[in-house]
Amino acid sequence: MKTIYITHPHSFNQTDLPPTVLALGYFDGVHLGHQKVVETAKKEAEKQGIACSVMSFDPHPSIVLKKDVTHVEYITPLHHKEELFAQFDVDYLYIVNFTSEFASLSPQQFVEQYIIGLNVKHVVAGFDFTYGRFGKGTMETLPQHANGRFTQTTVEKLTFNNEKVSSTHIREFIQSGEVEKLPPLLGRFYTVNGIVVDGEKRGRTIGFPTANVKTNGDYIIPKMGVYAVRLKVGSKWYNGVCNLGVKPTFHDNVKLPSIEVHLFDFNADIYKEKVIVEWHKRIRSERKFSSIDELVKQIGLDKEQAKEYFEKIDEHTCFLS
């Protein structure tokens with residue numbers, strides 16, 4: 001996959017880029033609804049014998065369009081989104097820098113410059129995709145703006161349990177800690193990329209050494225608490241238990257939560273290693289303990305509960321296979 005970063009106004013001529021079928025959207029989360037849009041575009045591209053492209057935008061439009069929004073946390077920050085699209089065998093990924101000038105384009109101008117101007121022959125987008133100033137362009141107006149110069153496919157709403165699969169719904173589950181509800185919406189468990197950094201090294205003194213993970217990007221972090229997680233180190237996944245929080249037993253005024261993962265049957269040094277945390281299930285909320293012994297006892301119980309969870313998952317996987 002080739003990623004092309006585009007700033008407005010761009011200087012591409014139509015002949016600078018190959019003809020493609022374009023999947024359009026913001027795609028935060030790259031959830032199953034988004035994947036349906038991309039898969040539809042890939043099938044159409046194969047049918048036409050041309051490349052498949054995806055267009056997304058950065059930063060989040062709300063940062064530009066809403067005065068009270070200065071920072072947005074993402075289900076999939078840009079680098080993570082790019083990794084996922086590469087896994088889907090997309091040929092080209094266009095990342096358009098979303099600015100106030102770009103947002104001011106009329107729907108017709110957007111079509112002329114960012115669809116026709118990029119040599120797009122067919123557009124695929126969700127039923128609720130909008131484009132142009134104030135989002136006045138819709139999938140219903142797109143044929144009018146295309147004027148016969150490209151064709152289109154509208155992907156209808158994808159639902160699960162009678163609710164639309166949406167980034168908004170996924171965000172709510174992450175923020176409430178209900179991470180076990182995400183696979184039917186994302187098509188995978190929720191993950192965050194990060195690097196193992198120096199911590200307080202207190203865990204090893206009480207028999208539970210941990211990897212202190214600093215996220216790589218503005219991820220939405222789940223609700224504070226203790227979770228059953230997996231950690232990818234190199235090419236291998238390891239089961240573990242994670243404390244996400246401010247460690248109130250040891251601190252009174254810490255505001256930023258830390259991600260500390262204790263891996264089962266693992267003793268390698270992974271300091272400065274790039275890792276992926278995969279969130280499976282919230283076990284309990286974080287709380288302050290009256291003594292270290294009480295904390296150690298509870299961590300042991302958390303560890304056993306996480307182990308039981310993964311044993312059930314493994315048994316279910318074996319049964320399905």
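**Salt bridges, cysteines and surface charge**

In the predicted model, Lys42 counts as partly exposed, at 23% relative accessibility. This lysine forms a salt bridge with Glu39, and the closest N and O atoms of the pair are 3.9 Å apart, a separation that falls within the 4 Å limit applied to such contacts. Glu39 is likewise partly exposed, with a relative accessible area of 34%. Both residues belong to helix H1 (residues 32-48), where they are three residues apart; Lys42 and Glu39 are therefore separated by about one helical turn.

The Lys42 pair belongs to the salt bridges of the structure, of which there are eight. A further salt bridge joins the side chains of Arg149 and Glu112, with an N to O distance of 2.7 Å. Arg149 is located in the loop between helix H6 (142-146) and strand S8 (151-155), whereas Glu112 is in helix H5 (residues 107-114), so this pair ties together parts that are 37 residues apart in sequence. Arg149 is partly exposed at 38% relative accessibility, and Glu112 is partly exposed with a relative accessible area of 30%.

Lys164 and Asp128 also form a salt bridge, their closest N and O atoms being 2.5 Å apart. Lys164 lies in strand S10 (residues 163-164) and Asp128 in the loop between strand S5 (120-126) and strand S6 (130-131), so parts that are 36 residues apart in sequence are tied together by the pair. The relative accessible area is 33% for Lys164, which is partly exposed, and 41% for Asp128, which is also partly exposed.

The protein chain as a whole contains nine helices and 16 strands. Its C-alpha trace spans about 75 × 50 × 40 Å along the principal axes. Of the 321 residues in the chain, 46% are buried. Cys52 is one of the buried residues, with a relative accessible area of 3%. Cys242 is also buried, with a relative accessible area of 1%. The structure holds zero disulfides.

At the surface, Glu304, Glu308, Glu311 and Asp314 form a negative patch. One of these residues, Glu308, is found in helix H9 (residues 292-320). Glu308 is partly exposed, with a relative accessible area of 44%; this value is over the 30% required of a patch residue.

Terms used:
Residues are numbered from 1 along each chain as its sequence is written. This is a predicted model: local features need pLDDT of at least 70, side-chain atom pairs count only at pLDDT 80 or more; totals for chains, interfaces and linings use all residues. Side-chain values use heavy atoms; hydrogens and water are left out. Patches are made of residues with over 30% relative accessible area and no salt bridge: like charges are joined within 9 Å, nonpolar side chains (Val, Leu, Ile, Met, Phe, Trp, Tyr) within 5 Å. Accessible areas come from the Shrake-Rupley method with a 1.4 Å probe; for residues, only the protein chains shown count as cover. Lys and Arg count as positive and Asp and Glu as negative; His and the chain ends are not counted. The place of a charge is taken as NZ of Lys, CZ of Arg, CG of Asp or CD of Glu. Helices (H or I, at least four residues) and strands (E, at least two) are DSSP runs, numbered from the N terminus. Buried means under 20% relative accessible area, exposed over 50%, partly exposed in between (1.4 Å probe, protein chains only). A disulfide is a pair of cysteine sulfur atoms within 2.5 Å.
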